[in-house]
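Please walk me through this structure. I would like to start from the annotated positions and work outward.

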Amino acid sequence: MAYSSPPPPHKHHHHNHQLPKRIILVRHGESQGNTDPKAYSTTPDHQIPLTADGVAQARRAGTGIRRLLDSASPASTAAAAPWRVYFYVSPYERARSTLREIGRSFSKKRIIGVREECRVREQDFGNFQVEERMKVIKQTRDKFGRFFYRFPEGESAADVYDRVSSFMESLWRDIDLNRLHPEPGHDLNLIIVTHGLSSRVFLMKWFKWTVDQFEHLNNPGNCEYRVMELGQGGDYSLAIHHSEKEMLEWGLSPEMIADQKWRVNARRGEWNEKCSWYLDGFFDHLPDSDSSAEEESDHFEDGLEDSSDNGVQNDEHKCIVIDS
């Protein structure tokens, strides 16, 4: 299977401290648009502020993430725990305000840096949104399919996928060239403060989920965060920090959850034999071995002396696991 993902970082990947220990996706807190859709008809989407509840949610998220980073460290005291954070934030007002509140849980020495990242902004729904018209448009989207439906004057989820993919390539370059400068021995944690759709699309791209699998995903709640953690073999998994029950609530299928669990101990670049969903989604009747495939296709192969020696081995129906 040919994947177009950028290559995983190669120079340092045997030194796990060079890879971020965690990549944490945080959806912004409750915004005025979440409580009153009329807000979008008078205020541009990118200027919609948080509600008072949204501010409180963001503070709680900061406390929760801080506690996670302290408790995960082997150091005897949380104060001495050797970890740092680097933030990426959507330029939308509600995301920047969420970051500001999350930041209250961290001292300056903990924060390596912060970058406004336009490519993780919200899906564009068009400019000023008329409430009644948006209701009809969203019903149409549900009929058409959430991934490919493009909002008039706006974007589809597929458009968001393309720009999030471009962001991820930059992310890998930053990691690969050590631009984020974690000190040796310090856990680096990337925290991306973004939007519901952008975070779902990020996970879809990272774990190579299909469009059909994406359609079953639920949006995270306000200030809900999803933690991808580095496993023993240099692969990231949601199953280290999150339970099976949580992942089911997010809309992951049992096969996707099995894949997340497998990644906890997988070695980077290994083949995942349990990952049957990927091939089964594309091929109806794959034979288990080359010999049974040859019997079926013998009448096509008259002119070929040896159809078995084409470099395809019996493990062709396994899934390769590479970070995006």
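What follows covers the annotated site, a neighbouring helix and the cysteines.

The model is predicted. Start with the record. An unreviewed UniProt entry lists H28 and E122 under "active site". The two are spread over 95 residues of sequence, yet they cluster in space, with a largest C-alpha distance of 10.4 Å.

Take H28 next. H28 sits in the loop between β1 and α1 (32-35). Its relative accessible area is 2%, so H28 is buried, the cut-off being under 20%. Beyond the neighbours within four places in sequence, H28 is in contact with N34, R94, A95, T98, T194, H195, N222 and C223.

Now E122. This residue lies in the loop between β3 and α5 (131-144). E122 also counts as buried, at 12% relative accessibility. With neighbours within four places in sequence left aside, its contacts are D45, Y92, R94, E155, R163, H195, L197 and S198. R94 and H195 appear in the contacts of H28 and in those of E122.

R94 leads to helix α4, residues 93-103. The buried residues of α4 are R94, A95, S97, T98, L99, E101 and I102. Among these, R94, A95 and T98 are contacts of H28. The cover over the buried residues of α4 includes the strands β1 (22-27), β2 (83-89), β3 (111-116) and β4 (187-194), along with helix α3 (52-71).

Last, the cysteines. A disulfide is a covalent bond between the sulfur atoms of two cysteines. The count here is zero disulfides. C223, a contact of H28, is buried at 7% relative accessible area. C118 is partly exposed, at 42%.

Terms used
Residues numbered from 1 in each chain as written. Predicted model: local features only at pLDDT ≥ 70, side-chain atom pairs only at ≥ 80, totals over all residues. Heavy atoms only, no water. Buried < 20%, exposed > 50% of the residue type's maximum accessible area, 1.4 Å probe, protein only. Helix = DSSP H or I, 4+ residues; strand = E, 2+ residues; numbered from the N terminus. Contact = heavy atoms within 4.5 Å. Disulfide = S-S within 2.5 Å. UniProt positions renumbered as here; feature names shortened; annotations may be inferred.
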